[in-house]
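Visitor: I have a model open and would like to walk through it with you. Could we begin with the empty space inside and then move on to other features?

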Amino acid sequence: IYNAAVGASAVAQALEAKGRSGDVVLVGHELTGDSRPLLALGAIDALIDQDPALEIQTAITAIARRYGRALDAAAAPFTPLRIVMRENC
């Protein structure tokens with residue numbers, strides 16, 4: 001299951017209640033204060049983290065550049081992502 005929104009704890013609880021937490025892989029989105037403990041406990045198997053602060057910075061830079069207001073070098077057209085698992089959370 002890929003949960004791209006809030007509610008990973010509810011999904012993890014539902015899997016546990018149905019006895020499926022050991023045989024269903026749960027992937028979440030963004031490493032947060034709520035998702036990190038679930039990952040550490042094994043309730044979530046992996047997280048796709050895209051660094052929301054960098055995403056915001058990239059968007060603001062792109063808008064500023066469009067209107068001639070950015071003085072720095074061109075921003076990258078994408079933000080990198082990383083896969084976070086229990087071993088590196």
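Visitor: By class, what residues does the lining of the largest cavity have?

Guide: Please keep in mind that this is a predicted model. The lining of the largest cavity has four nonpolar, two polar and one charged residues.

Visitor: Which residues are they, by name?

Guide: The largest cavity is lined by Ala12, Leu15, Ser21, Val24, Gly42, Ala43 and Asp45.

Visitor: How much space lies in the largest cavity, and how many cavities of 30 Å³ or more does the structure hold?

Guide: The largest cavity has about 30 Å³ of space. The structure holds one cavity of 30 Å³ or more.

Visitor: And the largest pocket: how much space lies there?

Guide: About 230 Å³. Of the 16 residues in the lining of this pocket, Val6, Gly7, Ala8, Thr32 and Asp34 are the closest to its centre.

Visitor: Which helices and strands each supply at least two residues of that lining?

Guide: Helix H1 (8–17), strand E2 (27–29) and helix H2 (35–41) each do so. By class, the lining of the largest pocket has seven nonpolar, seven polar and two charged residues.

Visitor: Let us stay with H1. Which of its residues are buried?

Guide: The buried residues of H1 are Ala8, Ala12 and Leu15. Seen down the helix axis, these buried residues fall within an arc of 60 degrees, so they line one face of H1.

Visitor: Why would residues three or four places apart point the same way?

Guide: An α-helix has 3.6 residues a turn, so residues at that spacing point the same way.

Visitor: What covers the buried residues of H1?

Guide: The cover includes strand E1 (2–3) and H2.

Visitor: And which residues are exposed on the other side of H1?

Guide: Gln13 and Ala17 are exposed there. For Gln13 the relative accessible area is 58%, and the residue therefore counts as exposed. Gln13 and Ala43 lie 30 residues apart in sequence, and their C-alpha atoms are 8.2 Å apart in space.

Visitor: What follows H1?

Guide: Gly19 follows H1, and phi of Gly19 is positive, near 70 degrees.

Visitor: Which residues other than glycine have a positive phi?

Guide: Glu30 is one of them, with phi near 75 degrees. Another is Asp51, with phi near 55 degrees.

Visitor: Where are those two placed?

Guide: Glu30 is in the loop between E2 and H2, while Asp51 is in the loop between E3 and helix H3 (52–66).

Visitor: Buried or exposed, in the case of Glu30?

Guide: Glu30 is buried, because its relative accessible area is 12% and buried means under 20%. Asp51 counts as partly exposed, with a relative accessibility of 35%.

Visitor: Changing topic to charged side chains: how many salt bridges does the count come to?

Guide: The count comes to two salt bridges. One joins the side chains of Arg82 and Asp49, at 3.2 Å from N to O. This pair links distant parts of the chain, 33 residues apart, with Arg82 in strand E4 (residues 82–85) and Asp49 in strand E3 (residues 46–49).

Visitor: Buried or partly exposed, which applies to Asp49 and which to Arg82?

Guide: Asp49 is buried, with a relative accessible area of 9%. Arg82 is partly exposed, with a relative accessible area of 42%.

Visitor: Which side chains meet in the salt bridge at 3.0 Å?

Guide: Those of Arg20 and Asp23, with the distance taken from N to O. Arg20 is partly exposed, with a relative accessible area of 39%.

Visitor: One last residue, Ala46. Where does it lie, and what does it touch?

Guide: Ala46 lies in strand E3. Not counting residues up to four places away in sequence, Ala46 touches Leu26, Val27, Gly28, Leu39, Ile83, Val84 and Met85. Ala46 counts as buried, at 11% relative accessibility.

Visitor: How far apart are Ala46 and Val84 in sequence and in space?

Guide: They are 38 residues apart in sequence and 5.7 Å apart in space, C-alpha to C-alpha.

Conventions. Residues numbered from 1 in each chain as written. Predicted model: local features only at pLDDT ≥ 70, side-chain atom pairs only at ≥ 80, totals over all residues. Heavy atoms only, no water. Salt bridge = Lys/Arg side-chain N within 4 Å of Asp/Glu carboxyl O. Buried < 20%, exposed > 50% of the residue type's maximum accessible area, 1.4 Å probe, protein only. Helix = DSSP H or I, 4+ residues; strand = E, 2+ residues; numbered from the N terminus. 1 Å grid on protein atoms, 1.4 Å probe; cavity = no way out; pocket = protein on both sides within 12 Å on 5 of 7 lines; lining within 4 Å. Points joined across faces, edges and corners; volume = space filled by probe spheres on them. Nonpolar A, V, L, I, M, F, W, Y, C, P; charged D, E, K, R; others polar. Arc of directions from axis to C-beta. Contact = heavy atoms within 4.5 Å.
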